[in-house]
Amino acid sequence: MNDILINNTVTFFKETFGAEPQKIVLSPGRINIIGEHIDYNDGYVLPAAIDKIICFAFEKSKAKTSRVIAIDLNDEFEINLNDPIELSDNVWTNYVRGVILQLQNKGFKFEGFNCVFSSTIPVGSGLSSSAALECGFLFGVKELYNLDIKPVDVALMGQSAEHWVGINCGIMDQFSSVMGLENKVIKIDCRTLEYEYHNADFNEYSLILFDSNVKHSLMTSAYNQRREQCEEGIAILKSNFPEVKSFRDCTEEQVQSVKDKMSEDVFKRSLFVVKEIKRVIQACQALDNGDIQTLGKLMYETHEGLSKDYEVSCPELDMIVDTLKTEEAVVGSRLMGGGFGGCTINLIKKGHEERIKAKLSGLYLDAFGIELKIYDVKIGNGTSLYINN
Ligand code: GLA
């Protein structure tokens, strides 16, 4: 599938600019096995890059303005690198503008470029198409102008670009897009950015994503609000327990003991975070031991917490998980990513996939009048150079 994507991108580039691209960059979306909303709370997460990617084709340009073309959107914009970089109403361009601003702020020297890109990452599905755009675009400019930027800094600058656009996100999406490895999940310590790869071996279970095909509009403000509530929660915990530096050092009992000092929302968010940090460690051990039953059970618990305590689910996602819970062949299911729509990540016993896909699609259509989308994803490599001319 990605061969077609790459061919189309290169053909479009040649037809537009009349030459072969100098660099071709591939940058993936991500899944997350477990560890949701804890990257910005000093937790551990367990994501992986996937085989849904953005393909970019680049060349250097001497023109006054640089051109960036989004083939799939049939849209493009021009930017003069000497002008101040500002947010635009055309949202996708902001991720590119944000990256250019980060490079300029850090003092990197580069000149103009032409870039076209096309993607197989569905937008708004919680698969981090924006992180793939930021990291892939930044990587391309770095390669074009030989900028000395380490992979982890590509991820960090991508994250800063996302902050500039308006979501105060953690590091998980950009880190996994850059650092992904085929057939491996990455356990990231979001406090230190230390990371280790673990085999993504789910034994007799298949990893399948069900996309609710909805995107509730309050995502950005609700996300930023959750982060603020967690900051409030940890401040209260720190002032009561001097040994506590972050949620990672907290026990559930400590959170319970300051319940009357917190608003109900802040209490529920804090409790979720402390539990979720523990679940990731257990889930990673279960994966290493090939104990997919335990991993799945933890995924169901995460969904429950995200829905009831963190309150980032929605009726569509809850319906998918509740329906799958009644199927013996589904060992685990939960909403994935920021929430308020997008995908669930599910582990389904091999041999039962097609039956469950068909059944859930029918029930989902009946319940909401919306078509369920389904992705069989493979775990792939991080942002990389495909061709270097
Ligand atoms: C979004 C953010 C990530 C992370 C997830 C929730 O994808 O970009 O940093 O917080 O939500 O786990």
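So, how many bridges join S10 to strand S11, and which way do the two run? Five, and the pair is antiparallel, with S11 covering residues 341-349. One thing up front: this is a predicted model.

Okay, zooming in on that pair, Leu 335 stands opposite Thr 344 in S11. Helix H11, residues 353-368, packs on the sheet and touches S9, S10, S11 and S12. Its direction makes about 15° with that of S9. Then there's helix H10, residues 315-325, lying across S9 (205-215), S10 and S11, at about 10° to S11.

Now the sheet itself. It's open, with four strands in the order S10-S11-S9-S12, paired antiparallel. S10 (330-335) and S12 (373-375) sit at the edges with a single partner strand each, so one side of each has no neighbour in the sheet. On average, neighbouring strands are turned by 20° against each other, ignoring direction.

Right, pockets. The largest holds about 1,000 Å³ of space. It has 49 lining residues, and nearest its centre you'll find Tyr 95, Gly 124, Ser 129, Ser 130 and Lys 215. Among the elements giving two or more residues to that lining are S9 and S11 from our sheet, plus helices H2 and H3. Split by class, the lining is 23 nonpolar, 19 polar and seven charged. And where does it lie? Domain 1 (2-200 + 380-385) and domain 2 (205-377) both contribute lining residues, so this pocket is between them.

The second largest pocket is about 470 Å³. Of its 20 lining residues, Glu 182, Asn 183, Lys 378, Ile 379 and Gly 380 come closest to the centre. S9 turns up here too: S9 and strand S3 (47-60) each supply at least two lining residues.

Terms used:
Residues are numbered from 1 along each chain as its sequence is written. This is a predicted model: local features need pLDDT of at least 70, side-chain atom pairs count only at pLDDT 80 or more; totals for chains, interfaces and linings use all residues. Side-chain values use heavy atoms; hydrogens and water are left out. Two strands pair if DSSP finds at least two bridges between them. Axes are lines fitted to C-alpha atoms, for helices over the stretch in contact, and angles run from 0 to 180 degrees between N-to-C directions. Contact means heavy atoms within 4.5 Å. On a 1 Å grid over the protein atoms alone, a cavity is a set of points where a 1.4 Å probe fits but cannot get out, and a pocket is an open set with protein on both sides within 12 Å along at least five of seven lines; lining residues have an atom within 4 Å of a point. Grid points are joined across faces, edges and corners, and a volume is the space filled by probe spheres set on the points. Ala, Val, Leu, Ile, Met, Phe, Trp, Tyr, Cys and Pro count as nonpolar, Asp, Glu, Lys and Arg as charged, and the others, Gly among them, as polar. Domain bounds come from an automatic or database domain assignment.
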